[in-house]
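Biologist: Can we go through this one together? I keep wondering what sits behind the labels people put on a model.

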Amino acid sequence: MSDSATVELDASLEKHRTELTGYCYRMLGSAFEAEDAVQDTMVRAWRSFDKFEGRSSLRSWLYRIATNVCLDMLNAGNRRARPMDLTASTPLAQAALTPRADNVWLEPIPDGRVLPTVGDPAEAAVAKESVRLAFIAALQQLPAKQRAVLILREVLAWKASEVADLLGTTVASVNSALQRARATLAERPADDTATSDPLDDEQQKLLDRYVTAFEGYDMAALTALLHEDAVMTMPPFDLWLRGPQDITGFMSTIGAACAGSRLLPVAVNGTPGFAQYKPDPDNGGYLPWAIQVIEISAGRVAGFHCFLDTERWFPLFGVPLHLDA
């Protein structure tokens, strides 16, 4: 292959990276596994490009490879989850911080890694909805091939015949898998958290009040912003809390070291989020503490999910590992 052909192939493959990362993330529930899967897809495509005969589009061919990579990775049987998918909520009086292994947890991902730029606002809204934590968690309940069918048909709007060709099966089999996947998801509690794109005035004001209350560690103000069924999670710990009283009670006791925190906005999983820094008592300034994913429902904060593995998350989101005072 000539140098110019090599450059051209690299560019052709690379322009599909973001959407493929979104697809693999929906399949795997892990930001880092998704990026590994896409890199594996690109390597396989490069090595076997001479066998690509153009009977399908390059995009379809890449999705076929990516699907096979993801199915191979899912053969281990690991299903990622949120804390509330694994245990009941813990009353504040019994709160204990018990970590579980990284590969247990659903992971956050920056919007820029998984949401391609599109001109159609409706299409952009669907893409954002389809990377929200609640939807990714629901997908994890499906067998791997049903997961692929649902994503390809419902999220990416592929025809049943195209999905059948990609999976090497029949249209009837694809339609049956889609029906079973829909039935499984319909059994889960409805999720009514949603934000406008861009945020409407009321949602932006709510987030501004949240930042003021959190940075001021004003529990009364924070309580006023929380939905009555609000949840707080903190992977890698399996503890999760429900309701303003237990959440603010935890923040005032076990979580009191977060007083004086600073929040930097990040775009995460199609929803608002923040990189949280807490005071650094030894060196001054602020240490990284968590990536927060904020969920809004009925004009209040319905959930904030704090991902604490800062050595992994902060570089992924492109935020600094220290803030000056």
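**Labels and their cut-offs**

Modeller: Start with the open sheet: its 6 strands come in the order β2-β1-β6-β5-β4-β3, and the pairing is mixed. Here β2 (237-242) and β3 (262-268) are the edges, each having a single partner strand, so one side of each lacks a neighbour in the sheet. This is a predicted model, where local features need pLDDT of at least 70, side-chain atom pairs count only at pLDDT 80 or more, and totals for chains, interfaces and linings use all residues. Residues are numbered from 1 along each chain as its sequence is written, and side-chain values use heavy atoms, leaving out hydrogens and water.

Biologist: What makes β1 (residues 226-234) and β6 (residues 300-307) joined strands?

Modeller: Pairing requires that DSSP finds at least two bridges between two strands. There are 4 bridges between β1 and β6, which run parallel, so they pair. Thr233, for instance, has His305 in β6 as its bridge partner.

Biologist: Why is Thr310 called buried or exposed?

Modeller: Buried means under 20% relative accessible area, exposed over 50%, and partly exposed in between, with a 1.4 Å probe and protein chains only. Thr310 has 13%, so buried it is. This residue lies in helix α15 (residues 310-317).

Biologist: How do you know that the span of helix α4 (residues 58-74) agrees with what is expected?

Modeller: The expected span is 1.5 Å times one less than the number of residues. For the 17 residues of α4 that should give 24 Å, and the end C-alpha atoms are 24 Å apart, so the two agree. Buried residues in α4 include Trp61, Ile65 and Val69.

Technical notes. Helix = DSSP H or I, 4+ residues; strand = E, 2+ residues; numbered from the N terminus.
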